[in-house]
Each structure stands twice: as C-alpha cells, then as structure tokens.
Amino acid sequence: MTTGTTIISDMIYLGGDIITMDENNPMAEAVAVKDGLILAVGPKDDVLKTKGAATQIVNLGGKTMLPGFIDGHSHFFQAAMIADYANVSAPPVGTASSIAGIIAVLKEHVAQQALKPGEWLIGYGYDGSALTDGRDATRDDFDPYFPDNPMVLVHVSGHGCVLNSAGFKAVGIDANTPTPPGGVTVRKPGSNEPAGLLMENSMFPILMALPKPSPQVLLEHLTTAQQMYASNGYTTVQDAPIDPKVMPLYQKAADEGRFFLDLNGYWESHQFLATAKPGTDYRSPRAGHYRLAGVKVIADGSPQGRTAYFTKPYLTGGPGGEKNWRGTPIVPPEHLNAVVKLAYDCDAQVLVHCNGDAAIDMLLDAHKAAGAPHGRRTTVVHSQFVRRDQLDLYVQYGINASFFTNHAFFWGDVHMQNLGQERAYFLSPMKTARALGLRMTNHSDFLVTPLDPMFILWTAVNRTSRSGQIIGPDERISVLDGLKALTIDGAHQYFEENRKGSIEVGKLADLVILTANPTKVDPAAIKAIKVAETIKGGKSVFRRASPATTPPMAQEVLIGAR
C-alpha cells in the first residue's frame, strides 16, 4: 500500500479494477479517500487499515475506476448556450443527413420554441460534407420555410455558418459587403450576392453578435453545462478562448460557488494583447474551481471546411470553388508573434489552434522569435496535419500536442478526398508522437464532436472512419496510451500533474467509474463503455441510475453538485 498517514478514511473503494495511471503503481485493489484527497492506494487489506466506524465502504461491483478525465480542449461555454439551439448535426450526433432533414429539424424547433417573427432561429452542427445532397446548403433552401426569422446554422467546425436571407439582412451583409482578410464568403454563381455559407473571419463577427440569454439565465446554464461534462466523466474542463463578454460571468460564478468542476479558461488573443502587461504573471491560481490559465490564438481554420492552412493545396479546391487553394490563416504572423512574445513575458500559457501544417509553421516561427524557451508547455491545439519534422521541433522546444482523433471517424473519408492518403493517414499521429516521447492530450473540441471520452479513446485505438476505412493504421495506439492522453497527460498540459491525473496519495480524489475496463474489452467495443459515476474532490457529482429500476428519461442524475 502507498500511504503517508494512518488517518481514518472517509470512504474506501474496492471490488473492481482500479487503473491508477501511476507508472510506479499501475493497478490497485482499493482506494481510500479523506477530505477530498487520496489517502491510500494499494492492496485491499492494507487500504482497509484506514477504515474507521464512520468510513463508507463502496463496492465497485466489478466496475472499473480511473482518475477523472481531463478535457484536453473544448468550448465549455457552448455547452451552456445550446439549450435553446436546434441540433442539425448529421448522424450519429443528430438526425439531419440532408438539407430536407435540416429543414424538418428546424421546423420542429420553431414549433417547440414558439419562435415569433423576427426572432433568431439558431442551429448547431451543420456539416455540408455529410449531406446526401452532395453540396452545401444555401439561403435559397431555407427562405421559403423561414422567411420571417433570421436564421444561422453554425458549422460543425465552429469556423463557419449558413444564413438565410433574413439572417443576412439582420447582420447587414449583402452583395456590397467585401470579404474580410482571413475570411471566406461563398457567392452565388455569376453574382456577388452571398450564397449562404460564410467561413472564418467572414463568420466570427456574426456569432459574436447573436443574442444571448440574460446573465442570470446564463449562470443557471453553467450548471447544466457542468452536468454534461460530469456525465461524461470529466472533472477538469476547458474554455478556450473565452468570449470577452463571458469573462465577468465566469468570475461571478466562481465568486458565488457555482462551479463544481475545475475550469481552465484562456483569454481571447486580441483582448490579451489589449490588456496584458509585460512582467505580470497572468497564470492565476485556481479560486472557486476557476482560473485563467493563459491565452488562445486561432491561427487557421477547419480541414473539413477546407479553411485549414496548408503548405500544399487541397485536392478539391476551396469552399467557394477556389483553385490551387491552401486554406487561409485567420491571423497574420505578426499577430501570432506578438501574442506569443507577450504571453511568455507574462508567464501565461499559450494555446494555438493549428490544423494545417502551414499554420503550425507559423506557431513554430513565433515560438522561435520569442526566444524558443523550453518548459512553457505551449500547446498546439488539434495538430491535425502536423508533419514529422514539426514533431521533432515539438520535442526540441518542449511543445505539447493536443490531438483530435475523432476526426478519423467523422471526417476521415472527407480528408482522404480533400488531402489524399499520405496526409490523411498522418492525421493526429499519436503513435509517432508517443514514440518521440511527447506528452500529448486528445480532445473532443465540443461542440464539434461529442464529449464522450470513450468515443475519443475508441477513435485513437481504432481510427475507423464512417465508411469503415482505417485512417492511418500505423498511428493506432494502445488503450493505455490513449488513457494517458485523457488523464495524467491532460494534467501535465495544465501544469497540474502533481495534484491530479492519477490515483496517488495526496492527489485530489477526482475519479471516474466506468461500466467496463477499456483495457480488457475488444478494442471495437470501447465506445460502448459508459460512465457509471463521477467523483470530484471526493464528492459524487454524477451517478448513472440503473436502467432496470429507472425510467429511460431519468437515466442520468446529478448529485452533490453544490
């Protein structure tokens, strides 16, 4: 047994597999918890020595315990916003596999929400590449059905949207509106009239201007958002970048004790440049489960939306029919250089969204220009189409990769068409990165793909596409390496590996209980594993009710949240 004390425990877990993610003590028979911390880990008989009259013994019943999952990258606030949005995602996330299917979902949403003329109709999860129509939707598809409601469908990548005519009118975009630098405005053939799809800098101002619920409603939605993450086993979550208007809301929620999961937030880069001062430490300590950990820059776009920035052209052209198209940077190198330099001067961690290899070159150049300091744990979010030589520089510079293997399933087939086999097969190359000794995470980019960490693990281990192709068989990783990316390496990304990410004495009792052991099931069955319970700081914050005793609509219950 590993223990540093003989103090009586509050709770002891036993009766199932316990995967500690501690390389020195990888498996255990029992775990004892005291005051929200791990008190003892090891053989059952030894851990039971901490048992007192008031100690609660929890039999796992053959289930499997792991450290709580750590979110490598997602957009937490979007989970708070989607309560009033229509889900126009393609299967398996939604039901809309065609433009007609999207219209049907929107009609139902309008009726359910009782939208009045002039009120915004907002949908999320739009993915033109998954539609059976074989094309992107246009304003003309939606105008006959929703003439009186401005409509916006947020692209599944988060880097685009489709508007109807009322939507364009509401935001003041017409044939005379120029396409901004770093933006894509798809026009009607033979015309300068916007067709419907906007990408990148053409789209971002629109999303920022959409109506939001009142601050009080948003505060209440934060609880719902945390429930979503807790039901998927997460105990540490991320929002990067934070909408500047939301930052005061997060601080208020922390001050009022509304957070029960740990939230790492990252400044939006333009706001950071405007407010941060060199010589100031902006990596704030955690208070009320919340901290500002650094700054996030969005350097390029979406590979499935064909706006990620590459050194070699797409095989299928650009989203608006552009030829010899390599995508586009969202910010100029000068902006990225300035943010990275200022962040290093302020001891603030830097996250940079880079999908294409040309965007990654920009980040590596910015890091070098800032003096190439080691140990900053600068994280390349997605690193989707990183080159092998760039991975070597990650090692040299001490840069982290946060990969996104869910792409292999959702868009692996699309990447094969758009980029060819060589690039598609090296998508999120976790096995190569692990062989080089890189610390790496793996993420959902929620809302882009579902939060489910077992699905993330399944894609990392199998890399199977929608059509059944294996996208890069040589980059499939072991289950244990996949779990490291969701636990201990996630803690390392946030400089928190000494307090979470593994089940070790003295660390936070952030734990998750799974219905099966992912290291023991057939790799194809990993995605069927469910979260049975999530424990944050020794308190149960989610428990899945037994289907044998609970009606289907009440399967998930949040407990002990406040």
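1. Buried here means under 20% relative accessible area. Seven of the eight residues of helix H14 (residues 412–419) meet that cut-off, so the helix is largely enclosed by the rest of the structure. The buried ones are Gly412, Asp413, Val414, His415, Met416, Asn418 and Leu419. They pack against two other helices, H13 (406–410) and H15 (421–425). After H14 comes Gly420, with a positive phi near 90°. Please keep in mind throughout that this is a predicted model.

2. Overall make-up. The protein chain holds 19 helices and 24 strands. Its radius of gyration is 23 Å, and the globule rule gives 24 Å for 562 residues, so the chain is as compact as a globular protein of that length. Along the principal axes, the C-alpha atoms fill a box of roughly 80 × 55 × 50 Å.

3. Burial and surface. Of the 562 residues, 59% count as buried. The chain exposes about 21,200 Å². Carbon and sulfur atoms supply 54% of that area.

4. Contacts along the sequence. Take the contacts between residues at least 6 apart in sequence: 71% of them join residues at least 24 apart.

5. Charges. The chain has 50 positive and 55 negative charges. The mean positions of the two sets lie 2 Å apart.

6. Cores. Which residues of the largest nonpolar core touch the most other members? They are Leu222, Tyr250, Phe272 and Tyr394, in a core of 113 residues. Tyr250 gives a picture of the packing. Leaving out residues up to four places away in sequence, Tyr250 touches Phe76, Phe77, Leu222, Asp239, Ile242, Phe259, Leu263 and Tyr290. Apart from this core lies another, of 34 residues. Val88, Ala195, Ala408 and Ala424 are among its members.

7. Asp445. Where does Asp445 sit? It is in the loop between strand S20 (440–442) and helix H17 (453–462). Is Asp445 buried or exposed? Asp445 is buried, because its relative accessible area is 5%, against a cut-off of under 20%. Beyond its neighbours within four places in sequence, Asp445 is in contact with His73, Ser74, His75, His382 and Phe404. Asp445 and Ser157 are 288 residues apart in sequence, yet their C-alpha atoms are 8.8 Å apart in space.

8. Thr459. This residue lies in helix H17. Thr459 is buried, with a relative accessible area of 0%. Not counting residues up to four places away in sequence, Thr459 touches Thr405, Asn406 and Phe409. For Thr459 and Pro319, the separation is 140 residues in sequence and 27 Å in space, C-alpha to C-alpha.

9. His221. Helix H7 (residues 215–230) contains His221. At 15% relative accessibility, His221 counts as buried. Its contacts, with neighbours within four places in sequence set aside, are Ala80, Ala83, Asp84 and Pro213.

10. Cis peptide bonds. The bond from Pro91 to Pro92 is cis, with omega near 5°. Pro92 is placed in the loop between strand S8 (86–87) and helix H3 (99–113). The bond from Ala240 to Pro241 is also cis, with omega near -5°. Pro241 is placed in the loop between strand S14 (234–239) and helix H8 (247–255).

11. Positive phi at Asp35. Phi of Asp35 is near 55°, a positive value in a residue other than glycine. Asp35 is in the loop between strand S3 (27–34) and strand S4 (37–42). Asp35 counts as exposed, because its relative accessibility is 60% and the cut-off is over 50%.

12. Positive phi at Asp347. Asp347 has a positive phi of about 55°, although it is not a glycine. Its loop runs between helix H10 (333–345) and strand S17 (349–354). Asp347 is partly exposed, with a relative accessible area of 28%.

Definitions and conventions. Residues numbered from 1 in each chain as written. Predicted model: local features only at pLDDT ≥ 70, side-chain atom pairs only at ≥ 80, totals over all residues. Heavy atoms only, no water. Helix = DSSP H or I, 4+ residues; strand = E, 2+ residues; numbered from the N terminus. Rg over C-alpha atoms; globule rule 2.2 N^0.38 Å. Buried < 20%, exposed > 50% of the residue type's maximum accessible area, 1.4 Å probe, protein only. Contact = heavy atoms within 4.5 Å. Areas by Shrake-Rupley, 256 points an atom, 1.4 Å probe, with all protein chains shown as cover. Lys, Arg positive; Asp, Glu negative; His and termini not counted. Charge placed at Lys NZ, Arg CZ, Asp CG, Glu CD. Core = buried A, V, L, I, M, F, W, Y, C linked by side-chain atoms within 4.5 Å.
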